[in-house]
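Student: I should like to understand how the terms applied to this model are justified. Could we take them in turn?

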Amino acid sequence: MWSVDRFAGVYAYLAVVLRAAILISQSLILGGVIFIWSALMRPSESASSAAIDVARSKCVRLLRISGLLLAAAHALCLLVNCRALIVSAGLSIPDIIGANFVLAAFIAICSGLLVAQLAASATRRMWALLVPAFLILASSVMTNHAAARIDGRLTLIVLTTVHLLAAGAWIGGLPYLRMAVSAAPAEIAGVFAKRFSYIATISVSVLGLSGVAASLKYVDTAAAMYGTSYGVMLGAKASLFAALLVLGAVNHRAIRKLSLVKLAPRLKRCVEAEIVIGITAFLAAASLTSQPPAIDLKGERVSLSAIYERARLTWPRLKTPNLRDISPATRHLSGKRIAPGNIADIGVQRSDVAAPNTASDIAWSEYNHNWIGLMLLVMGIFAFLSRTGRVPIAGHWPLIFLALGIFIFIRADPENWPLGPNGFWESFDQIEVVQHRAAALMVVAFAAFEWRVQHNKTQWPIAPLVFPAVCVVGGALLLTHTHALANSKDQVLAELSHTPLAILAVLAGSMRWLELRLPGADTKIPGCAWPVCFMLIGALLLTYKEG
């Protein structure tokens, strides 16, 4: 029978994903209340009441769904956290029931259900939703790093509250803008867009300033920024914020320059890309909350020399080491080191008792990453050439992903089937294995769909969107990707190499989405950008090193 402590990594990963779901649902509630109140409640000379009523009803429906999703996400997160504490610390339910996170979850669950109930009857009186929205915001701050600090707690709580409110008003309001613009005629959609533009402009300024101010409290030096997991994830969040700023600036310029007839189609597609990048930013924010602030890790930071040693250019490793030279399977090794009857009492993951990576283990991983990089580099070049129509064979670039998916499935986890002694189903209790297999499955699915799309062999309307969806989901998985490394410095070095890849994957998917969805005249830049993103991913992986 599997020991529960072997699922500690799964619990930790689920906690990050559920935290992201909470942030997304919370932002949708805050953004929905603000958008409906500011953009849809005020009358306009050019807007008919019927058109506004249609847009409002659609937005209220999304607001109600967001309340239910928030309650569900909080309930699941509460169960995961309680289970983890019971297993790892031996606590009982009475010991946990009075904890701060339990109280915060209870407040958020009740408030989310209240939003779902009140939204239907508060169509004309949005003020009734202000109380549950405020309680949801307060419950989020209760479990944030700010509430746990001793020095400067009040300042950090204020900064965090303002930061979350601004994120909700801007990013959380984007789906409502998309729905309102789609539900209204062009001239009325322009009114909605202009009203939201004012909210977004203020929110962006507040979000940036509060984020910088809070970061200075959590990150004391530049070394903390590049030498800790918290700093790396903060950099990822800042990069995604910059991408959102670019798209937001494009939308803002379009609102001021384009006619109302031309504005709506372009605005809807750009907002879709903003939503995708915004969700990824929430994933990065959720990962931040799972890491201790950088200022608390002064003795466990990675030095610049270690980063340079890892990042300096060397010839790729294209010859595989012998399978017999890599370390034995973790499960078998831990079975020798720990008596089966004592495993549940120790409360550690199996990976914690594994032997350190040997030279052969490192060579195996570098070989995998370098070959994947070579495939993606070639794929990016072929995808770029296929746009010219002058290289017919380049149109088959999706088939490279088929080879990539098979390669990941076979080589990513050599201690598991088909190469290692661990059975196929037996190894699913390791979160890293689950992530690798999910990535392989998505890559294979993409290859099949995209090849048919490139050769016009499918009539399914949404088939072309599978590629950008897979890119974004793959990037999100990589952004939250965990490695079972006992050495925190090795963990930081792994994140330094993986985080840029995740961001580039999300950007590639977003650009491909825009190429497919924008009107013809606006597709040139995103159409050239996403193959370049894949070339950069390939180049980074081709120089990947672990030793």
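Tutor: Let us begin with a definition: helices (H or I, at least four residues) and strands (E, at least two) are DSSP runs, numbered from the N terminus. The model is a predicted one, in which local features need pLDDT of at least 70 and side-chain atom pairs count only at pLDDT 80 or more, while totals for chains, interfaces and linings use all residues. Residues are numbered from 1 along each chain as its sequence is written, and side-chain values use heavy atoms, with hydrogens and water left out.

Student: Which helices each supply at least two residues of the lining of the second largest pocket?

Tutor: They are helix 1 (8-40), helix 7 (153-170), helix 9 (186-218), helix 11 (229-257) and helix 12 (260-289). Helix 9 gives the largest share, nine residues.

Student: What makes this space a pocket, and what makes a residue part of the lining?

Tutor: On a 1 Å grid over the protein atoms alone, a pocket is an open set of points with protein on both sides within 12 Å along at least five of seven lines, whereas a cavity is a set where a 1.4 Å probe fits but cannot get out; lining residues have an atom within 4 Å of a point. The second largest pocket has a volume of about 780 Å³. Its lining comprises 37 residues, and the closest to the centre are His163, Gly211, Ser215, Leu234 and Lys237. By class, 22 lining residues are nonpolar, 12 polar and three charged.

Student: What makes helix 20 largely enclosed by the rest of the structure?

Tutor: Buried means under 20% relative accessible area, exposed over 50%, and partly exposed in between (1.4 Å probe, protein chains only). Of the 30 residues of helix 20, 21 are buried, so the helix is largely enclosed.

Student: Where does helix 20 bend?

Tutor: The bend at a residue is the angle between axes fitted to the seven residues ending there and the seven starting there. For helix 20 this angle is about 25° at His498, and Pro500 follows within four residues.

Student: How do you know how many disulfides a search of the whole structure finds?

Tutor: A disulfide is a pair of cysteine sulfur atoms within 2.5 Å, and the search finds zero. For Cys82, the closest cysteine sulfur is that of Cys77, 9.4 Å away, and therefore too far for a bond.

Student: Is Cys82 called buried or exposed, and what is Cys110 called?

Tutor: Cys82 has a relative accessible area of 14% and is therefore buried. Cys110, at 37%, counts as partly exposed.

Student: Why is Ile307 called buried?

Tutor: Its relative accessibility is 18%, so Ile307 meets the criterion for buried. Ile307 lies in helix 13 (residues 304-311), and its C-alpha is 9.8 Å from that of Ser497, although the two are 190 residues apart in sequence.

Student: What is notable about the phi of Asn456?

Tutor: Asn456 is not a glycine, yet its phi is positive, about 55°. Most residues other than glycine have a negative phi. Asn456 is found in the loop between helix 18 and helix 19 (466-479), and its 65% relative accessibility makes it exposed.

Note on methods. Grid points are joined across faces, edges and corners, and a volume is the space filled by probe spheres set on the points. Ala, Val, Leu, Ile, Met, Phe, Trp, Tyr, Cys and Pro count as nonpolar, Asp, Glu, Lys and Arg as charged, and the others, Gly among them, as polar.
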